[in-house]
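The following exercises concern a single protein chain. Each task is followed by a solution that proceeds step by step.

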Amino acid sequence: MTPVFLNGQIMSREEARISPLDRGFLFADAIYEVIPIFRSRLFLWSEHYHRLERSLSAIGLVNPYSEAEWRHHLGTLIEKAGGGDLAVYLQVSRGAEEVRDHHISEGIAPTVFAMTLPPLPSDPALEQTGARIVLLEDIRWHRCDIKSTALLANVLLRHEADGKGAFEALLVRDGWVTEGTSSNVIALKGATLTTPPDGPQILPGVTRELVLRLGASEGFSIRRERIRADELLKADEVWLTSTRRILAPVSQVDDHPIGSGRPGPGYRRLWLAWLRHLNAFAAGVP
Ligand code: PDD
């Protein structure tokens, strides 16, 4: 059986039932997290938990569990799923009502759902040749900092990128790069790593934060500044970060090669730093 967590209980995915009047289903009135699991342990838990609390509070939902309860429930789910290297997807919606109504009533019980996700297959071609991505207009709303399940724009933009044979779409608002449809962006020029500042137009990515921290300890200087789309093309290297793909080197943006047109030395250095960090975590360093 594929175990899932629903409202306090672990059950098989086939058994799990959610009302069609759930506001998550009707209005995407819900938030979510995707948390990496490494050697059966939640990796970067505090950072993901902090963002979960932030998203809940941004849409006016009371956290249904304490941090210890979350850890307990997710730990049980991971164990039932057989552990290993996975990810956990969790979602909290505002819950189901008797009638569909935009109005938010008081006292609805939230729907809490979680499942494990298998690891993405490794992509040696990506490491060797880098990713080709496309620039698309950012048509999303103005609260992209909330990890909301309302991802229709992201999904359509990703579909457009897929149609162009691209790995990801990097989104551009008024000439400024924001982020990918499901990733953040970092540009390397000289010894400086630049990434767009946190704000309503991007999701504050947990992976990006760790890559920047590792980058700083590798001696790079860090700048949180807006990047113009035309400036991005002049970077030595461009990387995408996300929980699912971790660190992806970009070799081409639209028709323009980035740097040498291959994954660069900065990427390799940061990737090794990431592996060292992961090994330290596996050895029990929190
Ligand atoms: N998405 N920006 C967007 C719009 C994202 O959806 C994601 C991740 C990120 C990277 O955030 P993090 O490093 O914390 O995963 C940035 C997840 C993985 C998803 O929707 O599956």
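**Exercise 1. Backbone and exposure**

Ala 28 is found in the loop between helix 1 (23–27) and strand 3; helices (H or I, at least four residues) and strands (E, at least two) are DSSP runs, numbered from the N terminus. The model is a predicted one, in which local features need pLDDT of at least 70 and side-chain atom pairs count only at pLDDT 80 or more, while totals for chains, interfaces and linings use all residues. Residues are numbered from 1 along each chain as its sequence is written, and side-chain values use heavy atoms, with hydrogens and water left out.

Task: State the sign of phi for Ala 28 and for Asn 7, and classify the exposure of Ala 28, Asn 7 and Ala 283.

Solution.
- Step 1. Ala 28, a residue other than glycine, has a positive phi near 55°.
- Step 2. With 25% relative accessibility, Ala 28 counts as partly exposed; the classes are buried (under 20% relative accessible area), exposed (over 50%) and partly exposed in between, with a 1.4 Å probe and protein chains only.
- Step 3. Asn 7 sits in the loop between strand 1 (3–6) and strand 2 (9–12). Its phi is also positive, about 45°, although Asn 7 is not a glycine.
- Step 4. The relative accessibility of Asn 7 is 42%, so Asn 7 counts as partly exposed.
- Step 5. Ala 283 belongs to the segment after helix 8 and, at 67% relative accessibility, counts as exposed. From C-alpha to C-alpha, Ala 283 and Thr 241 are 24 Å apart in space and 42 residues apart in sequence.

**Exercise 2. Domains**

Task: Describe how the chain is divided and how many residues each domain gives to the contact.

Solution.
- Step 1. The division is into domain 1 (3–117) and domain 2 (124–282), with bounds that come from an automatic or database domain assignment.
- Step 2. Between the C-alpha centres of domain 1 and domain 2 there are 27 Å. To the contact (heavy atoms within 4.5 Å), domain 1 gives 25 residues and domain 2 gives 21 residues.

**Exercise 3. Pockets**

Task: Characterise the lining of the largest pocket and explain where the second largest pocket lies with respect to the domains.

Solution.
- Step 1. The largest pocket has a volume of about 1000 Å³. On a 1 Å grid over the protein atoms alone, a pocket is an open set of points where a 1.4 Å probe fits, with protein on both sides within 12 Å along at least five of seven lines, and lining residues have an atom within 4 Å of a point. Grid points are joined across faces, edges and corners, and the volume is the space filled by probe spheres set on the points.
- Step 2. Tyr 32, Lys 147, Thr 181, Ser 182 and Ser 183 are the closest to the centre, out of 40 lining residues.
- Step 3. Helix 5 gives the most to this lining of the largest pocket, with five residues.
- Step 4. By class, the lining of the largest pocket has 19 nonpolar, 13 polar and eight charged residues. Here Ala, Val, Leu, Ile, Met, Phe, Trp, Tyr, Cys and Pro count as nonpolar, Asp, Glu, Lys and Arg as charged, and the others, Gly among them, as polar.
- Step 5. Domain 1 and domain 2 each supply at least three residues of the lining of the largest pocket.
- Step 6. The second largest pocket holds about 620 Å³ of space. Of its 28 lining residues, Thr 243, Arg 244, Arg 245, Ile 246 and Trp 271 are the closest to its centre.
- Step 7. Helix 8 provides the largest share of the lining of the second largest pocket, five residues, and the classes number 19 nonpolar, four polar and five charged.
- Step 8. Both domain 1 and domain 2 give residues to the lining of the second largest pocket, so this pocket lies between them.

**Exercise 4. Nonpolar cores**

Task: Identify the residues that touch the most other members of the largest nonpolar core, and describe the surroundings of Tyr 49.

Solution.
- Step 1. In the largest nonpolar core, of 23 residues, Trp 70 and Leu 74 touch the most other members. Such a core is a set of buried Ala, Val, Leu, Ile, Met, Phe, Trp, Tyr and Cys residues joined through side-chain atoms within 4.5 Å.
- Step 2. Beyond its neighbours within four places in sequence, Trp 70 has contacts that include Trp 45, Tyr 49, Leu 52 and Val 112.
- Step 3. Tyr 49 is part of helix 2 and is buried, with a relative accessible area of 7%. Not counting residues up to four places away in sequence, Tyr 49 touches Asn 63, Tyr 65, Ser 66, Glu 67 and Trp 70.
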